[in-house]
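Visitor: Could you take me through one part of this model up close? I'd like to look at the metal sites, and then at whatever else is worth a stop along the way.

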Amino acid sequence: MAITKKKTTTRKKTIHKKVTPKKSAKAKAVKKTVTKKKAAPIKKASVKKVAKRAFKAVAVKKTASNARPLSVAQNMYTPQVIEKKWQAKWDKDKLYRSVIDHGQPKYYALTMLPYPSGDLHIGHWFSMTPSDARARYMRMKGFNVLFPMGFDAFGLPAENAAVKDGVHPMKRTFQNIERMRKQLRSMGAMFDWEREAVSADPEYYKWTEWFFIQLYKMGLAYRKMAAVDWCPHCNTTLAREQVWGEDRHCERCGTPVIKKDLEQWFFKTTKYADELLRFDEIDWPQTVKTLQTNWIGRSEGASVIFRTEAGDAIEVFTTRPDTLWGATFMVFAPEHPLVEKITSPDQKPAVEAYKMEAARQSDIEREAVDKEKTGVFTGGYAINPVNQTRIPIWVADYVLMSYGTGAIMAVPAHDERDFAFARKYGLKVIPVIQPEGQPDLDGDTMPVAYVGAGVMVNSAQFNGTRVNDQKGRKNPGISRVIDWLAEQGTGKEAVNYRYRDWLISRQRYWGAPIPMIYCEQHGWNPVPDDQLPVLLPEDVEWKPTGESPLKLHPTWKNTTCPVCGEPAVRETDTMDTFMCSSWYHLRYLSPHYDKGPFDDAEYNYWMPVDTYTGGIEHATMHLLYTRFFHKAMRDAGITEGNEPMLQLRNQGMVLGEDNEKMSKSRGNVIAPDVLVNRYGADTVRTYLMFFARWEMGAPWDSQGIEGSARWIRRVWTLFTEKYEKRPVKSPETLKVLRRKVHQTLKRVTRDFENFEFNTIISSLMELLNEMYKAREAGAAGSAEWEEAHDIYLRMLAPVAPHIAEELWTNYLHKPYSVHQQPWPKADEEAAREEMLEIPVQVNGKVRDRVLVSAEADEDEIRSTALASEIVQKYMEGKAPRKVIVAQKRLVSIVI
Ligand SMILES: [Zn+2]
Ligand SMILES: [Zn+2]
């Protein structure tokens with residue numbers, strides 16, 4: 001924190017230069033230089049140097065292992081050289097530039113963008129490089145593929161670091177982005193860098209602000225005082241989605257959250273609750289659909305009006321209106337507005353004490369499932385509207401004001417939690433659902449609540465009505481009671497959601513400003529379009545006060561009212577960064593477009609996203625927000641269709657070698673850069689595809705990568721080694737080779753369609769072995785051999801793009817680039833397994849002939865023979881004493 005004044009000034013100046021709109025041209029110039037630098041070809045000298053080093057290394061190794069003394073220079077695999085070389089060439093040739101082409105079907109392959117933490121970790125590689133391989137495969141299949149990349153650049157970590165060390169988040173973020181761009185380039189992915197979007201760039205966040213205003217104009221952005229979740233460590237409010245776990249901790253830093261009453265901006269996500277529950281137009285993993293469904297938590301039932309003895313209405317929601325006659329008490333949240341009014345004088349001290357206690361407790365304890373439920377009687381009573389029974393009202397902290405109405409009716413006979421509470425405090429238990437064919441339930445003695453199906457009892461005119469296990473209207477008991485409540489005017493059918501509106505305000509600096517202005521006269525009004533973007537000031541102080549630096553800035557908030565022109569103030573809260581990422585896929589379409597958030601022509605061609613890949617941890621956050629955003633913008637006439645992303649696939653997680661989540665503190669982090677330097681990107685890419693099923697993930701295994709490295713080297717050797725041609729041993733050799741090639745192609749094609757990357761790699765490894773065998777058998781030089789090489793490299797190209805290009809262009813001397821070649825088509829005829837007819841003897845006499853694949857092993861032949869009906873007939877139900885499989889010529893069974 002000890003920064004001299006002089007230094008601070010210099011820092012501010014530098015930053016100022018970079019982002020003030022006046023000087024944005026300069027900022028752009030800086031950017032350009034950077035891009036140029038990257039695109040520049042690698043200096044020849046350095047290539048030579050690396051090659052020399054690699055040459056030495058290989059030469060030493062070769063001698064040591066006493067390998068065949070072939071020309072080492074020719075046979076040397078130097079990923080450090082060829083990878084950089086091809087990356088530069090692809091860049092120069094704009095090989096991955098994706099532009100609208102109406103003559104070609106489009107394919108928008110999107111992968112989640114990183115937060116610019118400063119270092120790309122192995123998890124990024126695990127999510128991005130298989131996604132890249134898939135995108136490349138789609139391109140070879142004839143699609144015009146868009147595969148963009150960018151940075152989700154606003155957010156707390158950069159600002160928390162600024163409070164700690166004084167480095168401006170803007171400076172840190174853009175430096176980190178520089179570094180990560182280089183790391184991303186080392187993957188050799190087909191990112192179209194001309195479409196890069198950075199959410200903290202004013203030309204991006206101008207439109208984030210503009211979208212906020214559209215939501216505001218639609219009535220979907222509103223401000224209200226609310227008890228919100230507050231992270232005392234991050235010094236900001238959090239959305240409900242960002243509060244995790246039973247102990248309700250901050251998603252970012254793990255600190256338990258507290259409640260705070262604040263005026264906040266919200267997005268009305270709940271308006272779309274029902275639509276968000278529909279997944280019929282999208283191909284998303286069931287897990288994500290389930291997580292979103294549970295998060296929205298729709299439940300059907302009835303809203304019922306109880307009354308206090310003084311006549312005040314108490315609204316409750318219940319999923320079980322069929323049990324209303326068994327409601328023997330009510331429970332209020334301690335904060336319920338009626339608590340004070342209903343509490344009797346003699347109960348007042350106890351209720352007050354309980355309220356104090358509840359207020360001291362965080363929601364952590366209040367909501368914990370395993371927590372013993374406590375409560376206090378208020379001394380007040382409610383009237384049950386179905387039978388006019390007078391029932392006591394309690395307060396208990398497990399009822400929260402933020403859920404439902406803050407009051408519940410308790411039916412202890414048929415609800416486990418109510419039952420436990422009733423038994424603890426000696427409250428009445430009245431069964432109203434009787435299980436059929438069982439002894440009558442007795443409220444005084446029943447040991448547990450009964451929650452199953454049965455027949456309504458103790459329920460006046462409803463006695464005898466069947467109640468099943470279904471919810472809502474599908475349950476005849478519930479349905480009849482709802483109708484009757486409506487007739488009586490004491491209740492109505494209702495749907496309740498767990499889902500809440502999206503809290504969007506953050507009391508932090510490093511985010512898109514909320515473009516709203518407050519005037520004493522005219523209240524809140526949006527910043528006029530011609531004044532967008534509202535730019536973040538650079539000259540701010542870093543004080544861990546819990547207030548946004550924007551609020552403490554001496555002048556930034558002062559502006560004029562868009563209605564009357566009189567002095568007014570800006571909103572000093574910024575937006576949750578999940579707002580920025582809700583629409584980044586749209587900014588990629590035209591990242592520098594300035595007449596709107598995106599160019600319509602680009603939208604019409606590329607949208608919707610065809611495949612979206614990324615982590616499942618975003619199931620109830622980003623993946624829900626972006627669907628809400630799209631639907632809201634559809635209703636505003638800005639986007640089209642009902643869903644932004646048609647297909648979603650999630651990868652699993654790469655754990656540390658110790659089976660734990662990777663973290664700096666555990667010291668189990670695997671740095672991809674080190675691996676790339678050592679093995680090359682192709683090996684790292686293929687190992688990540690190979691070592692686990694992609695959707696599952698696995699703990700890292702640093703030994704395993706050697707296997708992938710060996711395979712890649714063997715690919716190199718097979719394609720580059722000079723080999724003496726020998727005569728073909730038999731025509732079968734070529735036929736078998738061709739069969740293997742086309743069988744592999746079929747499998748690899750199928751696996752690409754299904755995102756099964758590990759089997760793609762193992763198939764390619766197997767085929768390589770077959771090719772070595774075929775070479776030994778004299779296949780080299782044949783048409784089949786040439787075809788095998790051609791198809792092998794095409795299949796290899798998406799997974800290991802550099803080596804495939806090098807071998808294709810410089811060794812097979814085929815037209816550059818392998819990445820512009822079509823995906824090969826499998827020859828079904830060639831791929832078909834040959835069948836053999838094998839005679840089967842029983843006790844020395846041939847009784848049948850069975851068909852088996854030419855590839856079948858002994859076990860398979862034996863079981864096929866034993867399964868033959870004719871053979872079984874001759875075995876007369878006896879177990880064979882001996883089964884001899886004489887190679888692939890005869891099976892002999894002795895009984
Ligand atoms: Zn936090
Ligand atoms: Zn005004």
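Guide: Here is a walk through the two zinc sites, followed by a few other local spots in the chain. Keep in mind that this is a predicted model, so every number below is computed from predicted coordinates.

A little background on the chain helps. There are 895 residues, and buried ones make up 54% of them. The chain has 31 helices and 34 strands. If you take contacts between residues at least 6 apart in sequence, 72% of them join residues at least 24 apart.

Now the zinc ion listed as ligand 1. Its protein donors are the SG atoms of Cys231, Cys234, Cys250 and Cys253, lying 2.2 to 2.3 Å from the metal. The angles among those four donor atoms run from 102 to 117°, and the site is tetrahedral. For reference, ideal angles for four tetrahedral donors are 109.5 degrees. Along the sequence the donor residues follow the spacing C-x2-C-x15-C-x2-C. Take Cys234 and Cys253 as a pair: they link distant parts of the chain, 19 residues apart. Cys234 sits in the loop between strand S5 (221-231) and strand S6 (236-238), while Cys253 sits in the loop between strand S8 (249-250) and strand S9 (258-267).

How buried or exposed are these donors? Cys231 is buried, with a relative accessible area of 0%, and Cys234 is buried too, at 1%. Cys253 is partly exposed, with 30%.

On to the zinc ion listed as ligand 2. Here the donors are Cys519 (SG), His522 (ND1), Cys561 (SG) and Cys564 (SG), and they lie 2.1 to 2.4 Å from the ion. Why call this arrangement tetrahedral? Because the four donor atoms subtend angles of 105 to 116° around the zinc ion. The spacing in sequence reads C-x2-H-x38-C-x2-C. His522 lies in the loop between strand S22 (516-519) and S23, and Cys564 in the loop between strand S24 (558-560) and strand S25 (567-570), so this pair ties together parts that are 42 residues apart in sequence. As for accessibility, His522 is partly exposed at 32% and Cys564 is partly exposed at 31%. Cys561, by contrast, counts as buried, with 3% relative accessibility.

With this many cysteines about, you may wonder how many disulfides the structure holds. The count is zero.

Strand S23 also gives us a way to the next stop. Pro533 is in the loop between strand S23 (523-526) and helix H17 (549-552), and the peptide bond leading into Pro533 from Leu532 is cis, with omega near 0°. There is another cis bond to look at, from Met607 to Pro608, with omega near -5°. Pro608 lies in the loop between helix H20 (600-606) and strand S27 (609-615).

Met607 turns up again if you move over to His630, a residue of helix H21 (residues 622-635). His630 is buried, with a relative accessible area of 2%. Leaving aside residues up to four places away in sequence, His630 touches Tyr603, Met607, Thr639, Glu640, Gly641, Asn642, Glu643 and Pro644. One of these, Glu640, is ten residues along the chain from His630, and the C-alpha atoms of the two are separated by 8.2 Å.

Next comes a helix pair. Helix H23 (residues 681-690) packs against helix H28 (residues 801-811) at an angle of about 125°, and their axes are 7 Å apart. That makes H23 oblique to H28. At the meeting point, Ala681, Asp682 and Arg685 from H23 meet Pro801, His802 and Ile803 from H28.

Follow the chain into the loop between H28 and helix H29 (828-831) and you come to His813. His813 is not a glycine, yet its phi is positive, about 55°. His813 is exposed as well, with a relative accessible area of 62%. Lys94 has a positive phi too, near 50°, and again it is a residue other than glycine. You will find Lys94 in the loop between helix H5 (79-92) and strand S1 (106-111).

Notes:
Residues are numbered from 1 along each chain as its sequence is written. Chains are lettered from A and ligands numbered from 1 in the order in which they are written. This is a predicted model: local features need pLDDT of at least 70, side-chain atom pairs count only at pLDDT 80 or more; totals for chains, interfaces and linings use all residues. Side-chain values use heavy atoms; hydrogens and water are left out. Donors are N, O and S atoms within 2.8 Å of the metal (3.2 Å for Na, K and Ca); water is not among the atoms, so sites may look incomplete. Four donors count as tetrahedral if all angles lie between 85 and 135 degrees; four count as square planar and six as octahedral if opposite donors are over 155 degrees apart and all others between 65 and 115; anything else is irregular. Helices (H or I, at least four residues) and strands (E, at least two) are DSSP runs, numbered from the N terminus. Buried means under 20% relative accessible area, exposed over 50%, partly exposed in between (1.4 Å probe, protein chains only). A disulfide is a pair of cysteine sulfur atoms within 2.5 Å. Axes are lines fitted to C-alpha atoms, for helices over the stretch in contact, and angles run from 0 to 180 degrees between N-to-C directions. Angles under 35 degrees count as roughly parallel, over 145 as roughly antiparallel, 65 to 115 as roughly perpendicular and the rest as oblique. Contact means heavy atoms within 4.5 Å.
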